[in-house]
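Dear colleague,

I am handing over the structure below, and I would be grateful if you could read my notes beside it. They follow after the display.

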Amino acid sequence: MNNKTVFVTGATNGTGYAIAARFARENYHVIIGSRDKENAQRAADRIAADYHVKARGYAMAVLDEENVKEIFADIKARGFSLSCLVLNAANLGIGQEGLTVDVKEFMEVINTNITWNFMLARQAALQMKEAGGGTIVFINSNTAYRAIPDRIAYSASKSGALGMMRAMALDWGKYNIRVNAVLPGMIKTVRWENNYNNCRSAPSNYTPLGDIAEFEDIANAAWYLGSGESRNTTGAELTVDGGNMIQLYPVIPES
Ligand SMILES: NC(=O)c1ccc[n+]([C@@H]2O[C@H](COP(=O)([O-])OP(=O)(O)OC[C@H]3O[C@@H](n4cnc5c(N)ncnc54)[C@H](OP(=O)(O)O)[C@@H]3O)[C@@H](O)[C@H]2O)c1
């Protein structure tokens, strides 16, 4: 058993949980971050039982730097050796249209997806620098490049987070800290399952591969970028969208 630890935010279910489980499968200890303390510990207990690793859940207060510092101090005090931080949690900012969106709500999305992730990445980097290295993986989105309707702050935040990812990769490379991003397209979440009729007709379903991502596809990409498998890669983007973004337009069969 190694002493490596991964910290995944927003990881009580879905994409985040799959990422945590992927690292646990490789004998990493796991830190689960969630806005809900009980859910975080429940998910951590499940990981510990299924993969026989140490796992701990933390309640995260969005944009509270003191809370971020406390969490990282506690992780260190408990003897976890933080090798990888995966920034998965996001404010999805659904239904925000540019002419009507409340500026406060716009800023909440930007601040959650950029500023809060900055706070988390910085505390992680301080520990990784001391330990001689580590990795940070942003779960970003192909909407960083291609906008979708009524998601103005979300698209802006994902583009901004990519710029921040590159700046971190540049500044922290000398500490052997690698920083990279996974860019999913549409993922088969519960939201997608519950909204099948809408989603089925969404143009982003029509990818060259004819499919969209499962949680495990994103987890495998995060594992690649967050582990030693990608030893010489930093500041990079790994798109996992079935080829959606390379199309000028989706090819939709007439039937
Ligand atoms: N779903 C997609 O089709 C898709 C496509 C492209 C990119 N992505 C990206 O992939 C990542 C995971 O996506 P997902 O759809 O699986 O995410 P999700 O389930 O909607 O969110 C992941 C977690 O983020 C936390 N979260 C939700 N709203 C938040 C808020 N306002 N402030 C802070 N935390 C919040 C929640 O954790 P707690 O409630 O436990 O705190 C949630 O479980 C995200 O970064 C997303 O932007 C998703």
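Helices, taken as H or I runs in DSSP of at least four residues, and strands, taken as E runs of at least two, are numbered from the N terminus. The model is a predicted one, in which local features need pLDDT of at least 70 and side-chain atom pairs count only at pLDDT 80 or more, while totals for chains, interfaces and linings use all residues. Residue numbers start from 1 along each chain as its sequence is written.

I begin with two backbone points in loops. N27 is found in the loop between α1 and β2 (29–34), and this residue has a positive phi of about 70° although it is not a glycine. In what follows a residue is called buried if 20 or more other C-beta atoms lie within 10 Å of its own, exposed if 12 or fewer do, and partly exposed in between, with the C-beta atoms placed from the backbone. N27 counts as partly exposed because 13 C-beta neighbours lie inside 10 Å. H52, which sits in the loop between α2 (37–51) and β3 (55–59), likewise is not a glycine and has a positive phi, of about 55°; with 10 other C-beta atoms within 10 Å, H52 is exposed.

A third loop position is G98, placed between β4 and α4, and it is exposed, since 9 other C-beta atoms lie within 10 Å. The C-alpha atoms of G98 and K4 are separated by 43 Å, with these positions 94 residues apart along the chain. A21, by contrast, lies in helix α1 and counts as buried, because it has 20 C-beta neighbours inside 10 Å; its C-alpha atom is 9.5 Å from that of E216, although the two are 195 residues apart along the chain.

Turning to the sheet, strand β5 (residues 134–139) is largely enclosed by the rest of the structure, because 6 of its 6 residues are buried. Both faces are covered, with G134, I136 and F138 buried on one side and T135, V137 and I139 buried on the other. Strands are said to pair if DSSP finds at least two bridges between them. Strand β4 (residues 81–87) pairs with β5 in the parallel sense over 4 bridges, and L85 has I136 in β5 as its bridge partner. The chain passes from β4 through helix α4 (residues 103–131) to β5 in a right-handed β-α-β crossover, meaning that, with the strands pointing away from the viewer, the path from the first strand over the helix to the second runs clockwise. On to β6 (residues 177–184), which runs parallel to β5 and is joined to it by 6 bridges; here the bridge partner of F138 is A181. The crossover from β5 to β6, through helix α5 (residues 152–172), is also right-handed.

Finally, the ligand. It is surrounded by 23 residues, of which the closest are G10, S34, R35, A89 and A90, a residue being counted if its C-beta atom, placed from the backbone, lies within 6 Å. Helix α1 (residues 14–25) gives the most to this shell, with 3 residues. The shell divides into 8 nonpolar, 13 polar and 2 charged residues, where Ala, Val, Leu, Ile, Met, Phe, Trp, Tyr, Cys and Pro count as nonpolar, Asp, Glu, Lys and Arg as charged, and the others, Gly among them, as polar.

With best regards
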